[in-house]
Amino acid sequence: MKIKPLNEISGFLEKIATPMGVEIVDVEWNDKSSALTVFIETPTGVDLDTCEKFHNAIMDPIDELDPTYDTPYTLNVSSPGLDRPFKTERDFERNVGKEVELKLYAPLKGQKFIEGELLEFDENTVTIKTAKEELKISRNKIAKINKAIKFD
């Protein structure tokens with residue numbers, strides 16, 4: 001099915017999201033289920049009420065945008081999830097000073113999994129403070145980086 005570019009859809013939705021205090025984290029299209037999913041974040045987190053309010057706010061405007069060129073689709077609004085990988089610079093910015101988990105393509109000092117505090121990042125590297133040391137890791141060596149999930 002033909003759909004409009006996801007960055008165009010995301011940009012359109014930002015105009016509605018920003019005044020509501022909502023950040024569009026990602027927009028995904030699932031061809032098999034004909035579903036457009038908008039992943040959102042807020043400074044206080046995302047719950048079912050937040051998803052419902054945002055869904056209701058974008059329902060009519062997105063139909064006017066017509067992202068699927070008059071083909072029926074399902075619109076979903078969701079939290080990005082606790083273990084969602086960082087995809088954007090904003091994801092990295094939001095998590096500086098917080099515990100993160102890295103999965104590497106190849107071992108670094110004998111480890112493919114590293115956990116520590118995200119100290120800084122740039123377009124090429126990520127600096128992590130582990131219990132033992134500070135590591136500067138090339139971003140192209142990282143298979144996945146996400147917020148560390150701690151259960152009490």
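Okay, let's start in the loop between β1 and β2, where you'll find Ser34. Before I go on, a reminder that what we have here is a predicted model. Now, the odd thing about Ser34 is its backbone: the phi is positive, about 50 degrees, and this residue is not a glycine.

There's another residue like that to look at. Asp70 also isn't a glycine, and its phi is positive too, at about 70 degrees. You'll find Asp70 in the loop between α2 and β3. Is Asp70 buried or exposed? Its relative accessibility is 71%, so Asp70 counts as exposed.

While we're in that stretch of the sequence, click on Tyr69. Lys2 lies over the face of that ring, 5.1 Å from the ring centre.

Right, on to the core. As a general point, nonpolar side chains in soluble globular proteins tend to be buried together. In this model, the largest nonpolar core is made of 20 residues. Which of them have the most contacts inside the core? Those are Ile24, Leu36, Val38, Phe54, Ile58 and Ile62. As for where the core residues come from, at least two each are supplied by α1 (6-20), β1 (23-30), β2 (35-41), α2 (48-65) and β3 (74-78). Helix α2 gives the largest share, with five residues.

If you want one residue to centre your view on, try Val38. Leaving out anything up to four places away in sequence, Val38 touches Leu13, Ile24, Asp26, Val27, Phe54, Ile58, Leu75, Asn76, Val77 and Ser78. And don't stop at that core, please: there's a second, separate one of 13 residues, and Leu102, Val126, Leu135 and Ile145 are among them.

Now the aromatics, which I enjoyed. How many aromatic pairs does the structure hold? Two. Take Phe86 and Phe92: the ring centres are 5.3 Å apart and the planes sit at 80 degrees, so that pair is edge-to-face. Phe86 counts as buried because its relative accessibility is 12%, and Phe92 counts as buried as well, at 4%.

Then Phe92 pairs with Phe121, again with 5.3 Å between the centres, but here the planes are 35 degrees apart and the pair is tilted. What I like is that this pair links distant parts of the chain, with Phe92 in helix α3 (residues 89-94) and Phe121 in strand β5 (residues 111-121), 29 residues apart. Phe121 is partly exposed, since its relative accessible area is 23%. Put the three together and Phe86, Phe92 and Phe121 make up one aromatic cluster.

And Phe92 has one more neighbour to show you. The charged end of Arg139 sits over its ring, 4.1 Å from the ring centre.

Last stop, the pocket. The largest pocket comes out at a volume of about 440 Å³. Its lining has 20 residues, and the ones nearest the centre are Glu41, Thr42, Pro80, Arg94 and Lys147. Which element gives the largest share of that lining? That's α3, with three residues. You've met that helix already, as the one that holds Phe92.

Okay, that's my tour, thanks.

Conventions:
Residues numbered from 1 in each chain as written. Heavy atoms only, no water. Phe/Tyr/Trp six-rings, centres within 6.5 Å; stacked < 30°, edge-to-face > 60°. Buried < 20%, exposed > 50% of the residue type's maximum accessible area, 1.4 Å probe, protein only. Helix = DSSP H or I, 4+ residues; strand = E, 2+ residues; numbered from the N terminus. Lys NZ or Arg CZ within 6 Å of the ring centre and 35° of its normal. Core = buried A, V, L, I, M, F, W, Y, C linked by side-chain atoms within 4.5 Å. Contact = heavy atoms within 4.5 Å. 1 Å grid on protein atoms, 1.4 Å probe; cavity = no way out; pocket = protein on both sides within 12 Å on 5 of 7 lines; lining within 4 Å. Points joined across faces, edges and corners; volume = space filled by probe spheres on them.
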